[in-house]
Amino acid sequence: MQSHPYRHRKVAVIGTGLVGMSYAYALTIKGLVREIGLINRTAAKAEGEAMDLSHGLPFTKPMDIRAGGYEMCRDAQIVVITAGASQQEGETRLDLAQRNVKIVEDIVPKVMEHNPDAILLMVSNPVDILTHVALKVSKLPPSRVISSGTVLDTMRFRHLLSEYYAVDPRNVHGYVIGEHGDSEVLVWSRVNIAGIPLLNYCEACGKSIDPKKEMIEDDVRNAAYHVIEKKQATYYAIGLAMARITEAVLMNQHSVLTVGTLMQGEYGLDDVCLSLPCVVGAEGIDRVLSNPLADNEKKALQGSARVLRKGLDAVGY
Ligand code: NAD
C-alpha cells in the first residue's frame, strides 16, 4: 500500500478547545504527523496549547507544532474544523446549528484562500449539517469534505458487542449509519463476528442478543448525553476517532470507516450529508458502500435523512 506522496504529513486544526486538543494530543502520541498547525479565535489559547504540546515532544516523536493564523493551513493534507459552541446539558446537536453554521461560513473561505487542495475533516456539531455547509461554501468535490460522522458511534457499537460476547472488537463487525445524533441507525442485520452473522453466532454460543439489544441501542445512541450529564463534554474518544480517520488519509489505507459524506443516490437519498461505510484513503472518500439493509433499517435511514434535510432547510441550505 502506497503512503502519501506529499513531502511531509501536516494537519491544521481550527478550534483548539477540548476536542481539537484531544485530537492534537492523540496525533503527537501516535506520531502520525510531521507538523500540526493550531488556529483559534483567541490566538493566545492556540499559542499556549502549542507550547504545552511541544514540551511533551521529547517523550513522543519529533514534529513541529505551531500556532498562528489561517496561513497555518498551507500545505496541510487535512484541515480539521472543531471550532464552535458545544452541546450543553439538555441540548441536542441540532440545537447548535444556527450558531455553528455562521462559524463554518466564516472559517471555510479563509481555509480555501490558503489551501484549496486540503481535505476538510468536519467535527463541530451538528456535524452532518455543518459538513453540508462546508461542502457548499468550499465548492470542493464531495470526496474531500468528510465528517467524523458515526465513526465513534460505530466503535461504541462494536465495543459493546465485543464485551457481551467476550470477543476482540476487531473481530466484531457492524455499523452505525445516518445522522451522528438521535436518529442514527444501528445496522443489526449486518452484524457479524469473524464473518459469522450475529444470529448464527448467538445460536452457536447459546447467548441470545435479545436481552441486551435495547441497552446497546441506548448506550450507543445516547452515549454523548450520558457523558455530558457527568462531565459536561466529550472529547477523548472523538479525538481518537479523528486520529483514526487522519491515519487512513495520511497513510492511504483505504480503510472502511463510517464517515459522513454527501448522498448521491445511495438508498434513494440526495443532497444531504450523513454517514455510511466509506473507503477512506489519501484522496478522501474513494467509495461509499451501500450494503443491503433490512427494510426497517432502510426506512430508519431515510427517516434520519429527513431529519437532517429539515435541519438544513431551517438554516437555509
Ligand atoms: P470548546 O468550547 O472546548 O472549543 C471550541 C473552540 O473553538 C474554542 O477554543 C473557541 O475559542 C474556538 N472557536 C469558536 N469560534 C471560533 C472561530 N470562529 N474560529 C476559530 N476558533 C473558534 O468545544 P469542544 O468541546 O472542543 O467542542 C467543539 C465542537 O466539537 C462542538 O461543536 C462540539 O459539539 C463538537 N463535538 C463533536 C463531536 C463529534 O462526534 N462530531 C464530539 C464532541 C464534540
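**Group meeting talk: strands, a helix and a ligand site in a predicted model**

In strand β1, K10 stands opposite E35 of strand β2. I begin with this pair, and I should say at once that the model before you is predicted.

The two strands, β1 with residues 10-14 and β2 with residues 35-39, pair in the parallel sense, and five bridges join them. Is strand β1 mostly covered or mostly open? Strand β1 is mostly covered, with five of its five residues buried. Please look at the two faces of β1 in turn. On one side you will find K10, A12 and I14, and on the other V11 and V13; every one of these residues is buried, and both faces are therefore covered.

Let us turn to the ligand. There are 24 residues around the ligand, and L18, V19, N40, A85 and V123 come nearest. Several polar pairs can be located here. In L18, a backbone N or O atom lies 3.0 Å from an oxygen atom of the ligand. In H180, by contrast, a polar side-chain atom takes part, and it lies 3.0 Å from an oxygen atom of the ligand. The partner of S148 is a nitrogen atom of the ligand, with a polar side-chain atom of S148 at 3.4 Å from it.

My next subject is an open sheet of three strands, in the order β7-β10-β11, with antiparallel pairing. The edges are held by β7 and β11, the latter being residues 196-197; each has a single partner strand, so one side of each has no neighbour in the sheet. Between β7 and β10, which run antiparallel, there are two bridges. Within this pairing, V172 stands opposite I193 in β10.

Strand β10 covers residues 192-193, and N192 belongs to this strand. N192 deserves a moment of attention. Its relative accessible area is 18%, and because buried means under 20%, N192 counts as buried. Which residues does N192 touch, leaving aside those up to four places away in sequence? They are N171, V172, H173, P197 and L198. In addition, a polar atom of the N192 side chain lies 2.9 Å from the backbone nitrogen of G195.

A second open sheet also has three strands, this time in the order β12-β15-β16, and its pairing is antiparallel. The edge strands are β12, residues 255-257, and β16, residues 284-288, each of which pairs on one side only. On average, neighbouring strands of this sheet are turned by 40° against each other, direction ignored. Three bridges connect β12 with strand β15, residues 278-281, in the antiparallel sense. At one position in this pairing, L257 stands opposite C278 of β15.

Helix α9, residues 236-250, packs on this sheet and touches β12 and β15; the direction of α9 makes about 145° with that of β12. The helix has 15 residues, and from its first C-alpha to its last it reaches 21 Å, close to the 21 Å expected at 1.5 Å a residue. Which residues of α9 are buried? They are I238, G239, A241, M242, A243, I245, T246, A248, V249 and L250. When you look along a helix, please recall that an α-helix has 3.6 residues a turn, so residues three or four places apart point the same way. After α9 comes N252, whose phi is positive, near 50°.

This brings me to the backbone. As a general rule, most residues other than glycine have a negative phi, and most peptide bonds are trans.

Two further residues have a positive phi. D75, which is not a glycine, has a positive phi of about 70°. D75 is placed in the loop between β3 (64-67) and β4 (78-81). With a relative accessibility of 53%, D75 counts as exposed, because the cut-off for that term is over 50%. A166, likewise not a glycine, has a positive phi near 50°. Its place is in the loop between α5 (151-165) and β7 (172-173). Is A166 buried or exposed? A166 is exposed, with a relative accessible area of 69%.

I close with a peptide bond. N125 and P126 are joined by a cis peptide bond, with omega about -5°. P126 is found in the loop between β5 (119-122) and α4 (127-138). Thank you for your attention.

Notes
Residues numbered from 1 in each chain as written. Predicted model: local features only at pLDDT ≥ 70, side-chain atom pairs only at ≥ 80, totals over all residues. Heavy atoms only, no water. Pairing = 2+ DSSP bridges. Helix = DSSP H or I, 4+ residues; strand = E, 2+ residues; numbered from the N terminus. Axes fitted to C-alpha atoms, helices over the stretch in contact; angles between N-to-C directions. Contact = heavy atoms within 4.5 Å. Expected span 1.5 Å × (residues − 1). Buried < 20%, exposed > 50% of the residue type's maximum accessible area, 1.4 Å probe, protein only. Near = heavy atom within 4 Å. Polar contact = N/O pair within 3.5 Å; in protein donor to acceptor, adjacent residues only side chain to side chain.
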